[in-house]
Amino acid sequence: MPAVQETVEQVRAIDVDQYKYGFSTEIEMELAPKGLSEDIVRYISARKNEPAWMLEWRLDAYRRWLTMREPDWARVDYPQIDFQDMYYYAAPKSNAAPKSLDEIDPAILETYKKLGIPLREQEILAGVAPENRIAVDAVFDSVSVVTTFKEELKKSGVIFSSISEALHEHPELVKQYIGSVVPTTDNYYATLNAAVFSDGSFVYIPPGVRCPMELSTYFRINEQKTGQFERTLIIADKGSYVSYLEGCTAPMRDENQLHAAVVELIAHDDAEIKYSTVQNWYPGDSQGKGGIYNFVTKRGDCRGARSKISWTQVETGSAITWKYPSCILRGDDSQGEFYSIAVSNGAQQVDSGTKMIHLGKNTRSRIISKGISAGRSQNTYRGLVSAHRRATNAKNFTNCDSLLIGNACGAHTVPYIESKTASAVFEHEATTSKVSEDQMFYCMQRGLTQEEAIALIVNGFVKDVLQQLPMEFMVEAQKLIAISLEGSVG
Amino acid sequence: MSLLEIKNLTAKLADEDKQILNGLNLTVEKGQVAAIMGPNGSGKSTLSYVLAGREDYEVTDGEALLDGENILDLSPDERAAKGLFLAFQYPIEIPGVGQMTFLKAAVNAQRRKNGLDDMPTPEFMKLVNGRAKELGISPDMLRRSVNVGFSGGEKKRNESLQMALLQPKLAILDETDSGLDIDALKIVADGVNAMRSPDRGFVVITHYQRLLDYIKPDVVHVLSAGRIIKSGGAELALELEANGYADIVGKAA
Ligand SMILES: Nc1ncnc2c1ncn2[C@@H]1O[C@H](COP(=O)(O)OP(=O)(O)OP(=O)(O)O)[C@@H](O)[C@H]1O
Ligand SMILES: [Mg+2]
């Protein structure tokens, strides 16, 4: 089986601590003064030349944040974060707003190339059939350095740019939608994000348009002691369709770095948004030193009738993951989906899941979660399915499977169900299993190495979810999962 | 040179002080079918697991030579690539892993270890479909997850299919006959007979003469309390069927 083989080869090619994206780029950066204050919020807004209303919005969030407390209900454990001991803005000095690729620091282009993300359109065009092209917004620390295929997308009316740029070119759209799904008051990290977010992607698909290519954002944290706070806003107008993929990596560093993003999706009548994430932030070393704190708020609003939002996530990175991509099923007959693979190894802690909030009639949701825990990691699925009084005939199907590798890890399932209408039908299935020695021995007796056997068994376990990913990323994700589990047995 | 030569093999449970194989000696020649019979709990499956390299057992003495090479220090997959195949008494289920995926992974893993390129997919498909048909395995069974939801007999047939695809030098069949209906028994036996060749050997573990009616053994060994206590020709099996183990076991003790 080629995928298994590729996986194994990939695994072999890795030297230290398995994380192959751990390099850092030497590049001159412009940093905001360390720490957080109203002045820093003003600084960020000024750097981006934002309209006055945006600064007010940020300051309002900041003031509110000061009154809030960090949430402590998740099953994760970490030392107090010192919010004054990090930088909130870091941008490559060379050219803060490059007009074309030629103006981008070659070190940055090289970085993305090394990560397997070519940014030169000519290079992408060379070997790829048009239907397989992917437009990329590349975010490096606090700023978007380039967005590819923008012109081509414009032809079909699709707006794909950094959110900073959208604030200048389409302020009315940004103003209308930002914070409309995740309000600035939502939660500690989302409020912090609202105050200090630096960049992120903006997508608008006009009515009736099927976005002609995959869109994606690739986030890279490079600078030390820097938090990354990006904000993504995707609007699918009536009857439109878009598939969007997000990827991320960071250098290996001893310190923990904070990543607190907000993603808002809005689907109008008959629109569909498919949002996939392959999250591979640096997980820390096997002893739990370093790694990213990934505290993220992602929410989709099925605002229109018959709209559909589907989240697919493959989570392998981060020291701590705290994220619950959710759907508000507001429109009648709207649908929400959440497909998740969360892999934890070493000392990683994952507390992830989803919320499906049924508000409209005949709304349907589907949750398929596959947690794989190895090493000394802890992996929690936390999910809420709720139906409002008006949400007659709401239907949910939830399936949560956990797979344990070894004896030192933990898997936990915390489902919450709230139904205020008698006509709602919520189904919940959960299983926990172990990769058994019998299975390993059986595979090895047939000639598979230990690594091949684990890869095969785990890929079998996550197959249902992998199939939800766009084709090009399926194999990638499969490899990533195997790599993350390297060293988990024997 | 003998195909398999086991000398004074002594093995215990890895994490318990329980010895199961007690200085076992056994030789299987190339081209031979050797039947192993013996009471429940005498160590037949343990012998096959120890030869295949299962970690639950610790070899404390003796050696096992496959084609003259001691295999006891090799990992299970290395032994497999050297041509040792074990048809499990209780085949294992692997949810989510398709049969085709599994079979192909196995075939190619062994080919690679032996310096061969992967088998091209069309050739592989043809091979599997051909063998499956011979063994009465339906296309539907090939589409399902490995052994998941298979009946006892289907699992055993599936083991035969794997053997046919992997073409081992030495195949150990641990009670492959149990759970098979009469027709399936004949099909599986035909599969073994078709694979008999001057440089391949079989160790057939069974409780019943029935299987040996179809697969004529060259030798029959009786295993009791972790040792071979008696060996003979095909007639020994008939004798055991008639009289049970009491006599021989008594004498050996
Ligand atoms: N993993 C194990 N843990 C505990 N006991 C074991 C284990 N493996 C084997 N034994 C014990 O060793 C002895 C031999 O077992 P084995 O399965 O080899 O017998 P067998 O000859 O194959 O029996 P049967 O004819 O019933 O299949 C039995 O007493 C069994 O309980
Ligand atoms: Mg047995």
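**Entry 1. Strand β11 of chain B**

I began with V222(B), which sits in strand β11 of chain B, a strand that covers residues 219-224. The model I am reading is a predicted one. I looked up the accessibility of V222(B): its relative value is 0%, so the residue counts as buried. I then took the C-alpha to C-alpha distance from V222(B) to Y90(B) and found 22 Å, with their positions 132 residues apart in sequence.

**Entry 2. The surroundings of ligand 1**

I next listed the residues around ligand 1, and the shell holds 15 of them. Those that come nearest are G41(B), K44(B), S45(B), T46(B) and Y57(B). I sorted the shell by residue class and obtained 8 polar, 4 nonpolar and 3 charged residues. I also asked which element supplies the largest share of this shell. It is helix α1 of chain B, residues 44-52, with 3 residues.

I then went through the polar side chains that face oxygen atoms of ligand 1. For K44(B), a polar side-chain atom lies 2.8 Å from a ligand oxygen. For K18(B), the separation between a side-chain N or O atom and an oxygen of ligand 1 is 3.3 Å. For Q89(B), I noted 3.3 Å between a side-chain N or O atom and an oxygen of the ligand. Ligand 1 taken alone exposes 630 Å², and the protein buries 67% of that area.

**Entry 3. The magnesium ion**

Which protein atoms are donors to the magnesium ion, ligand 2? I found OG of S45(B) and OE1 of Q89(B), at 2.0 to 2.3 Å from the ion. S45(B) belongs to helix α1 of chain B, while Q89(B) belongs to the loop between β6 (84-87) and β7 (94-98) of that chain, so the pair ties together parts that are 44 residues apart in sequence. I checked the accessibility of the two donors, and both S45(B) and Q89(B) are buried.

**Entry 4. Helix α10 of chain B**

I turned to I248(B), a residue of helix α10, which spans residues 246-252 of chain B. Is I248(B) buried or exposed? Its relative accessibility is 11%, and the limit for a buried residue is under 20%, so I248(B) counts as buried. Between the C-alpha atoms of I248(B) and K44(B) I noted 17 Å, and the two residues are 204 apart in sequence.

**Entry 5. Helix α9 of chain B**

I looked at how burial is distributed over helix α9 of chain B, residues 234-243. Its buried residues are L236(B), A237(B) and L240(B). Viewed down the axis of α9(B), they fall within an arc of 100°, so they line one face of the helix. A242(B) and N243(B) are exposed on the other side of α9(B). After α9(B) comes G244(B), and I recorded a positive phi near 75° for this residue.

**Entry 6. Helix α2 of chain A**

In chain A, I examined helix α2, residues 38-47, in the same manner. The buried residues here are I40(A), V41(A), I44(A) and S45(A). They cover an arc of only 135° around the axis, which puts them on the same side of α2(A). The face turned away from that buried side carries D39(A) and A46(A), which are exposed.

**Entry 7. Positive phi in two loops of chain A**

I searched for backbone angles that deserve a second look. Most residues other than glycine have a negative phi. D270(A) is not a glycine, yet its phi is positive, at about 60°. D270(A) lies in the loop between β11 (262-267) and β12 (272-279) of chain A. With a relative accessibility of 39%, D270(A) counts as partly exposed.

S318(A), also not a glycine, has a positive phi of about 70°. I located S318(A) in the loop between β14 (308-315) and β15 (320-323) of chain A. Its relative accessible area is 1%, and S318(A) is therefore buried.

**Entry 8. Strand β17 of chain A**

I finished with S344(A), which is placed in strand β17, residues 335-344 of chain A. What joins the side chains of S344(A) and S377(A)? I found a polar contact of 2.8 Å between them. The relative accessibility of S344(A) is 0%, so I entered S344(A) as buried.

Technical notes
Residues numbered from 1 in each chain as written. Chains lettered and ligands numbered in written order. Predicted model: local features only at pLDDT ≥ 70, side-chain atom pairs only at ≥ 80, totals over all residues. Heavy atoms only, no water. Near = heavy atom within 4 Å. Polar contact = N/O pair within 3.5 Å; in protein donor to acceptor, adjacent residues only side chain to side chain. Areas by Shrake-Rupley, 256 points an atom, 1.4 Å probe, with all protein chains shown as cover. Helix = DSSP H or I, 4+ residues; strand = E, 2+ residues; numbered from the N terminus. Nonpolar A, V, L, I, M, F, W, Y, C, P; charged D, E, K, R; others polar. Donors = N, O, S within 2.8 Å, 3.2 Å for Na, K, Ca; no water. Buried < 20%, exposed > 50% of the residue type's maximum accessible area, 1.4 Å probe, protein only. Arc of directions from axis to C-beta.
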